[in-house]
Structures are given as C-alpha cells and as structure tokens.
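Trainee: I keep hearing labels in structure talk and never know what earns them. Could we go through one example together?

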Amino acid sequence: MISGLLDGGDEMAERAAVVDARYGKGHVLLFASNPIWRGETIGSYPLVLNAIVNFDRLDMPPAKATAKDSP
C-alpha cells in the first residue's frame, strides 16, 4: 500500500478477489488481501460485511444471465 493506493495492483488485475472454497459441509472464503488488517483502506471492509451478511446464501446456485444483463 502506498498512501492509500495499491502498489503493484496490475499483478492482481483480472484475478479473483474472493474465492469460495468448500470444506466438508461448509465454506471457507479466501480473500486476496487481508480486508480487516489495520492498514487496509475502508473500501475493503464491505468484502467482510457482505460475507457476514450473506453467509447463508453460499449454497445457492449462481443466477442465470438474461438478455437484459448482457451489454
């Protein structure tokens, strides 16, 4: 991190920021960065909040794309 900016962000571009890995009967969320580390920007906190709020939706199948969703 450099003054609130990501140093070497091009190395993370077009890669997963969060991975949902199944472990036994449960799930483990793997974050590319440590979103609750004291030096992270406030913009990374929604990753953790979203995981906490939507933990019960991890087993849902992905939504099907519609013609309206495509560009």
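Mentor: Sure, let's start with two residues: D59 is exposed, and R22 is exposed as well. Keep in mind that this is a predicted model.

Trainee: What makes D59 and R22 a salt bridge?

Mentor: The side chains of D59 and R22 meet at 2.9 Å, N to O. The cut-off for a salt bridge is within 4 Å, between a side-chain nitrogen of Lys or Arg and a carboxyl oxygen of Asp or Glu. The 2.9 Å of this pair falls within that limit, so the name fits. As for the chemistry, side chains of opposite charge can pair when their charged atoms come close.

Trainee: How many salt bridges does the structure hold?

Mentor: Just one. D59 sits in the segment after helix 1 (45–53) and R22 in strand 1, so the pair ties together parts that are 37 residues apart in sequence.

Trainee: Okay, zoom out for me. Which elements does the protein chain have, and in what order?

Mentor: There are two strands and one helix, and from the N terminus they run β-β-α.

Trainee: How do you know that strand 1 and strand 2 pair?

Mentor: Count the bridges! Pairing takes at least two bridges between the strands. Strand 1 (residues 18–23) and strand 2 (residues 26–31) are joined by six, so they pair, and they run antiparallel. Among the matches, A21 stands opposite V28, and D20 has L29 as its bridge partner.

Trainee: And what is there to see in the hairpin between them?

Mentor: Two residues lie between the strands, and G24 takes a positive phi near 65° there.

Trainee: Why is V19 called partly exposed?

Mentor: V19, which is in strand 1, has a relative accessible area of 38%. Buried means under 20% and exposed means over 50%. Since 38% lies in between, V19 counts as partly exposed.

Trainee: Why does V28 get that label too?

Mentor: V28 belongs to strand 2, and its relative accessibility is 33%. That value is also between 20% and 50%, so V28 is partly exposed. Leaving aside neighbours within four places in sequence, V28 is in contact with V19, D20, A21 and Y23.

Trainee: So what makes V19 and V28 part of a nonpolar patch?

Mentor: A patch residue needs over 30% relative accessible area. V19 has 38% and V28 has 33%, so both clear that bar. Together with Y23 and L30 they form the patch on the surface, with about 380 Å² of accessible area. Strand 1 and strand 2 each supply at least two of its residues.

Trainee: What about the helix? How exposed is L47?

Mentor: L47 is in helix 1, with a relative accessible area of 33%. Again that is between the two cut-offs, so L47 is partly exposed.

Trainee: Which residues does L47 touch beyond its sequence neighbours?

Mentor: V18 and F31, if you skip residues up to four places away. L47 and F31 are 16 residues apart along the chain, and their C-alpha atoms are separated by 8.6 Å.

Trainee: Last one: how much of the protein chain counts as buried?

Mentor: Of its 71 residues, 6%. The protein chain exposes about 6,400 Å², and carbon and sulfur atoms supply 60% of that.

Conventions
Residues numbered from 1 in each chain as written. Predicted model: local features only at pLDDT ≥ 70, side-chain atom pairs only at ≥ 80, totals over all residues. Heavy atoms only, no water. Helix = DSSP H or I, 4+ residues; strand = E, 2+ residues; numbered from the N terminus. Buried < 20%, exposed > 50% of the residue type's maximum accessible area, 1.4 Å probe, protein only. Areas by Shrake-Rupley, 256 points an atom, 1.4 Å probe, with all protein chains shown as cover. Patch = residues over 30% accessible without salt bridge, like charges linked within 9 Å, V, L, I, M, F, W, Y side chains within 5 Å. Contact = heavy atoms within 4.5 Å.
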